[in-house]
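Biologist: I would like to go through this model with you. Please give me the reasoning behind each term.

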Amino acid sequence: MQLTDAYDPQNIFAKILRDEMPSIRVFEDETTLAFMDIMPQAPGHVLVIPRVAATNVLTLSADDARAVMTTTHLLAPAVQKAMEAPGLMLAQLNGAAAGQTVPHFHMHIIPRHKGLEMLGHGTEVADMNELADIAARIRAAI
Ligand code: 5GP
């Protein structure tokens, strides 16, 4: 995946946006969608994506960048509260060389606890009931 690759409408997040693939949603509005990461690097790992077809930061408009950050800013305290996290990591990767694996722009919100090491990228698929419980707690905290 190169930074200059054309947008692939069959990528997994495009399918989630079109409801062709299931996801555990925590928030959505006209321009963004937030859902649980299926392979969380820590419990409570949420992804925020724009609805527009943008592969990475180079192809995302300033308006959509603002929209993603506004949703991230809304959800960060909810994730913090729901997970009782003393730390929060926001991350965003562009291009395979940076570690991006899904070619649709996304922001990671990852709760951090001192002494609890983050799992690697895409290490382990979470238990769906557990993810649904966490999502309900996050939604209740918005
Ligand atoms: P990236 O490596 O592109 O920054 O992050 C992609 C993220 O998407 C990873 O954290 C990975 O666990 C997550 N992911 C990959 N496939 C799926 C999926 O089918 N559903 C959900 N909810 N997350 C996914």
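Modeller: The protein chain has 3 helices and 5 strands. Along the sequence they run α-β-β-β-α-β-β-α. Keep in mind that the model is predicted.

Biologist: What makes the protein chain as compact as a globular protein of that length?

Modeller: Its radius of gyration is 14 Å. The globule rule gives 14 Å for 142 residues, so the chain is as compact as a globular protein of that length. The C-alpha trace spans about 40 × 30 × 25 Å along its principal axes.

Biologist: Now the ligand. Which residues come nearest?

Modeller: The shell holds 17 residues, and D37, T101, H106, H108 and H121 come nearest.

Biologist: Why is the pair between the ligand and the side chain of D37 called a polar contact?

Modeller: The cut-off is 3.5 Å between N or O atoms. A ligand oxygen lies 2.4 Å from an N or O atom in the D37 side chain, so the pair qualifies. The H108 side chain also has an N or O atom 2.8 Å from a ligand oxygen. At I38 the partner is a polar backbone atom, 3.4 Å from a ligand nitrogen.

Biologist: How much of the ligand does the protein bury?

Modeller: Alone, the ligand exposes 520 Å², and the protein buries 92% of that. The space that the ligand takes is the largest pocket.

Biologist: Which elements supply at least two residues of the shell each?

Modeller: Helix 1 (12–17) and strand 2 (32–36) do. Helix 1 gives the largest share, 3 residues.

Biologist: What is the shell like by class?

Modeller: It has 10 nonpolar, 6 polar and 1 charged residues. Asp counts as charged, so D37, being in the shell, is that 1 charged residue.

Conventions. Residues are numbered from 1 along each chain as its sequence is written. This is a predicted model: local features need pLDDT of at least 70, side-chain atom pairs count only at pLDDT 80 or more; totals for chains, interfaces and linings use all residues. Side-chain values use heavy atoms; hydrogens and water are left out. A residue is near a molecule or strand if one of its heavy atoms lies within 4 Å of it. A polar contact is a pair of N or O atoms within 3.5 Å; within protein, one must be able to donate a hydrogen and the other to accept it, and residues adjacent in sequence count only if both atoms are side-chain atoms. Accessible areas come from the Shrake-Rupley method with a 1.4 Å probe; for residues, only the protein chains shown count as cover. On a 1 Å grid over the protein atoms alone, a cavity is a set of points where a 1.4 Å probe fits but cannot get out, and a pocket is an open set with protein on both sides within 12 Å along at least five of seven lines; lining residues have an atom within 4 Å of a point. A molecule sits in a cavity or pocket if more than half of its atoms lie within 2 Å of its grid points. Helices (H or I, at least four residues) and strands (E, at least two) are DSSP runs, numbered from the N terminus. The radius of gyration is taken over C-alpha atoms; the globule rule is 2.2 Å times the number of residues to the power 0.38.
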